[in-house]
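Hello,

Here is the structure we discussed handing over. My notes on it follow below.

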Amino acid sequence: FKELKKYPHWYKGIMAQFFYLGAQLGTWSYFIQYVKENAGLSSKFAGAFLVGKLAAFMLGRFSSTIFMKYIRPAKLMGIYACINICLVAVGILFPGWIGIWAIFGTSFFMSVMYPTIFASAVKGLGPNAKLGASFLVMSLIGGAVLTPFMGLIADKWNAIAPAMIIPLLSYVVILYYGFVGSKPSGPLYN
């Protein structure tokens with residue numbers, strides 16, 4: 001563990017992964033309620049939107065592999081995080097159909113984040129890669145930690161839209177990691 005602390009891109013990756021899972025699970029967990037609140041649809045129709053959101057995630061995953069041939073993966077992730085910040089801001093400021101489609105679109109752009117954060121964080125760890133990877137897997141707890149905070153915010157404001165501030169802030173962390181924090185550093189890179 002002492003060796004791993006010498007790799008800033010690794011521990012910043014843990015932070016990014018923590019916030020990514022918070023954004024992903026929080027958005028998906030509250031999306032049906034967001035749609036019901038802002039479009040007056042039944043749970044069944046709102047659930048269909050969630051299925052579409054998951055399909056958008058899959059399309060994003062496949063298309064990002066094509067884009068990565070031309071754009072460095074961490075940079076693409078940073079660009080996607082920036083787009084998601086804008087989309088979530090629209091979802092917060094303009095609840096209704098515009099907000100629904102904005103939050104819907106975040107799945108396409110979040111699709112590249114988990115594998116890119118993981119690969120960037122373990123890069124160059126050498127014999128410490130297995131231990132480093134296990135910490136990255138444990139950072140998935142972010143989904144369990146941040147999602148209840150969204151519920152608290154939603155309860156306080158009596159609306160889901162203000163709770164989307166948690167995913168928005170999470171994407172700010174991922175934006176930083178994509179453009180700055182993911183650059184390999186440590187004993188092998190000095």
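A search of the whole structure, which is a predicted model, finds 0 disulfides. The sulfur of cysteine 82 has its closest cysteine sulfur in cysteine 86, at 4.9 Å, and this is too far for a bond because a disulfide needs the two sulfur atoms within 2.5 Å. Cysteine 86 is likewise in no disulfide, cysteine 82 holding the nearest cysteine sulfur. Cysteine 82 is partly exposed, at 37% relative accessibility, and cysteine 86 is partly exposed as well, with a relative accessible area of 46%.

On the interior: the largest nonpolar core has 52 residues. Those with the most contacts inside it are Tyr20, Phe31, Met113, Ile117, Met164, Tyr171 and Ile174. Two or more residues each come from H1, H2 (43–67), H3, H4, H5, H6, H7 (142–157) and H8. The largest share, 12 residues, is from H1.

Helix H5 covers residues 113–122, and its buried residues are Met113, Thr116, Ile117, Ser120, Ala121 and Val122. What lies over them includes H1 (8–39), H3 (73–93), H4 (97–110), H6 (129–138) and H8 (165–181). On the spacing, an α-helix has 3.6 residues a turn, so residues three or four places apart point the same way.

Which residues does methionine 113 contact, leaving aside its neighbours within four places in sequence? They are Tyr20, Met77, Tyr80, Ala81, Asn84, Tyr171 and Ile174. Of these contacts, Tyr20, Tyr171 and Ile174 are also listed with Met113 among the core residues with the most contacts.

Just after H5, glycine 124 takes a positive phi of about 80°.

Regards

Methods: Residues are numbered from 1 along each chain as its sequence is written. This is a predicted model: local features need pLDDT of at least 70, side-chain atom pairs count only at pLDDT 80 or more; totals for chains, interfaces and linings use all residues. Side-chain values use heavy atoms; hydrogens and water are left out. Buried means under 20% relative accessible area, exposed over 50%, partly exposed in between (1.4 Å probe, protein chains only). Helices (H or I, at least four residues) and strands (E, at least two) are DSSP runs, numbered from the N terminus. Contact means heavy atoms within 4.5 Å. A nonpolar core is a set of buried Ala, Val, Leu, Ile, Met, Phe, Trp, Tyr and Cys residues joined through side-chain atoms within 4.5 Å.
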